[in-house]
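Work through the exercises below with the sequence and the model side by side, and try each task before you read its solution.

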Amino acid sequence: MKNRLVSLLIPFFLFHSATSFAQKQKITVAVAANMQYAFKELRNEFEKKYHIQVDVVIGASGNLTRQIMQGAPFDVFISADTKYPENIYQEGFSAEKPKVYARGALVLWTIKPGLQLQKDLHFLLSGNIKSIAIANPKIAPYGSAAVAFLKKMGMYDKLKNKLVYGESISQTSQFIATGNADVGFTAKAVVLSDQMKNKGRWIELNSDEYPPILQAAVLLKYGVENHSSAAREFYEFLFSENAKDIYKKYGYIN
Amino acid sequence: MTHFSLQKKLHSAEGPLSLDVNCDIEDGAFISLYGPSGAGKTSLLRMLAGLMPPDSGMIKVKDEIWFDSEKKINIIPQQRLTGFVFQDYALFPNMNVEQNILYALGKNDSKKIIDELLDVTGLGGLRDKRIQMLSGGQQQRVALARAVARKPKLLLLDEPLSAIDNEMRANLQQTLLSIHAQYNVTAIIVSHDINEIVKLTSKTIHLQNGVVRQYQPPTEIFLNQFDEPGSMKGVFLSAEKAANEYEALILTGEQVIKISCSENDAKDLQKGDEIVLSFKGATAFLRKL
Amino acid sequence: MIETAPIFLTLELASLTTVILFFLAIPLARWISHKKNIFKTIAEVIVSLPLVLPPTVIGFYLLLAFSPSNSFGKFLDHYFDIRLAFSFGGLLIGSVIYSLPFMVHPVLSGLTSLPASLEDASYSLGKTKTQTLFKVLLPNIKPSLLTGIVLTFAHTIGEFGVVLMIGGNIPGRTNVASIAVYDEVEALNYHNANVYAAVLVGISVTILFLLYLSNRKLQEVKIL
């Protein structure tokens, strides 16, 4: 009788301790859509090292910002620009100022067969090029960088009428990838991603010719208040050498 | 002469019904179509109008072949010169009385007939009225005028008076007769009202289970077959003793009459029993039907 | 400050879509309302699809269809030099598809509620199907027609998902008011967003109000 009881209890204890072992810490990170490719590897590296579970919420920076300001339970926000993290800081939803973790790289991309991409961009003036996709400069830093680039090259006024605007880098890439835009300006991270890497041709543009596309991350108040140590560990990790290697791999520059 | 011979498989509430009808109608005749509900009467009218395709058969109206399944002729309803009075009148709500009748006429037709029709149907003062403002009887007359406006080769009336009250009905029956006389149209009326059938029509198609049982003048079809001469059907209501005889109340048609009869006749009868009432001289005899 | 171009563009898109759908939906609804067979049921399902599909899905498939890399887009580009993506014409096509059920359903509903004998009466009086449609059927379903117009117009004013996918947000051509509001919100210019929204709501309410008022007048005449 006693043996029976013990043999019932042992699995119970084992199970209990196993689950409490599995109850490692968990944090939630909000990630801007175009960082999602790099983020996957970042997260794997981090989870390997730190035994902290990282849940991710992917969305447009604007949407995520709004959600954060409505009290969404996110610990860290990785944005694709600096405006939204700044805004979050100004509105008091983070305790510290946001920090730049990487710079975006602008590329020119096309899937049109036979279209030669030249760095001097004169080919864009040809009648064959009917639409050039860029991200909306009002709301996306890649877009305003592209506009600045065109202006620097003295081509903006001549090409203005051919521009079509994507609401985000994802949408801009969609226009290019479906062939609706003959060519377009997008993020290097997009053309290096698994889904897009064998589609069409791209050239990287000289980063001196456009203002830096700074991407910042911010440690949120919610994170500090609820998962202080785990959140901070992850936040610091974003600026580590390990992370920097990953950014480079995915097409960001430092 | 209008001749038709039509076959069609219909689906009625009681199950499938094979309609097989054969008929010749003299030009200008006013005949009736009589039979239980679901016997195929409305379907027959619709086939004649071209609104329903028969499975097989032929329709010939005054030397015009409207339908011939063997020769693959099927004239569309627009090209058959028919007038159709529907059970729900089918007047156009967006038009007034005059416009409804005008609708029937083509661009080249004279408008004079409208005045004529309004006169015959007694609708003269109502020509500007929207049809929603008319009574049932008035609407029926508009429907009739509209159907006849083109002087059709065949006038088809589908229980036109079934929704009309008794008083108005007699009135409208008169209107029907006047129209028929004035324009001499060949007309077929579907009716359950034996009164109407006998008053208006010269021959009756008695349709039952999809076939023509009889095609005779109504005076023959509805002649009662009782042995007693001059007898009629009635419903026994009550009987009371009064002096040496019994006074009975009988319902005949739409009238209640009081007669004297023998105790023998009255004693086994109960209220509601159908009886045969006959007279010999001044004496009344009752027997249970 | 806000620009006026998006407002005018939206009104233009909504009006043109409504007019096109009015002339498209009537014959379609008429055809469906006649005796039923399998094709008509399929048509009804297809007409109702835009109700069920998310607008972004409709927009996405239009984007693919319009692309010069795919057969339809290639055909248009090659033979007509037409590119539908990023054009007002493309938006018009998208809107017509997106708002199709909003015009067809009320008209269809109106037609099927009419007694069948009205049509039969008209045919028996020698009138063709077309004459019957214009002189008998349509005049007697005026409230349904108005409902279709109102719903289509209002629905197109609010169209966002489809335009987002295929518009390209080009000033003066495809940057409709709904996208403009979205952009202002994304840019954190909430004041501008509110102004756009207020103007849109104001115009829509006025138009709808006028249309419903005239519908009341129609109803009064019809039934007594």
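**Exercise 1.** Find the partner with which C:R83 forms a salt bridge, and then describe the interface of chain C and chain A.

*Solution.* Begin with the pair itself: C:R83 forms a salt bridge with A:D182, and their closest N and O atoms are 3.1 Å apart. The rule asks for a side-chain nitrogen of Lys or Arg within 4 Å of a carboxyl oxygen of Asp or Glu, and across this interface it finds four salt bridges.

This is a predicted model, in which local features need pLDDT of at least 70, side-chain atom pairs count only at pLDDT 80 or more, and totals for chains, interfaces and linings use all residues. Residues are numbered from 1 along each chain as its sequence is written, chains are lettered from A and ligands numbered from 1 in the order in which they are written, and side-chain values use heavy atoms, with hydrogens and water left out.

Next, take the extent of the contact (heavy atoms within 4.5 Å), to which chain C gives 29 residues and chain A gives 27 residues. About 2100 Å² is buried between the two chains, with 51% of it coming from carbon and sulfur atoms; buried area here is the accessible area (1.4 Å probe) that two parts lose on being put together, summed over both. On the side of chain C, the residues that lose the most area to chain A are C:R83, C:F86 and C:E186, which together make up 28% of what that side buries.

**Exercise 2.** Decide which residues of helix α4 of chain C are buried, and where they lie around the axis.

*Solution.* Helices are DSSP runs (H or I, at least four residues), numbered from the N terminus, and α4(C) spans residues 71-80. Buried means under 20% relative accessible area and exposed over 50%, with partly exposed in between (1.4 Å probe, protein chains only). By this rule C:G73, C:L76 and C:D77 are buried. They lie on the same side of α4(C), because they cover an arc of only 95° around the axis, taken from the directions from the helix axis to the C-beta atoms. The face turned away from that side carries the exposed residues C:S71, C:H78 and C:Y79. Finally, the cover over the buried residues includes α3 (55-66) of chain C.

**Exercise 3.** Is A:S61 buried or exposed?

*Solution.* A:S61, which lies in helix α3 (residues 61-69) of chain A, counts as buried because its relative accessibility is 13%. Beyond its neighbours within four places in sequence, A:S61 is in contact with A:A32, A:F77, A:S79, A:A80 and A:Y84.

Conventions. Helix = DSSP H or I, 4+ residues; strand = E, 2+ residues; numbered from the N terminus.
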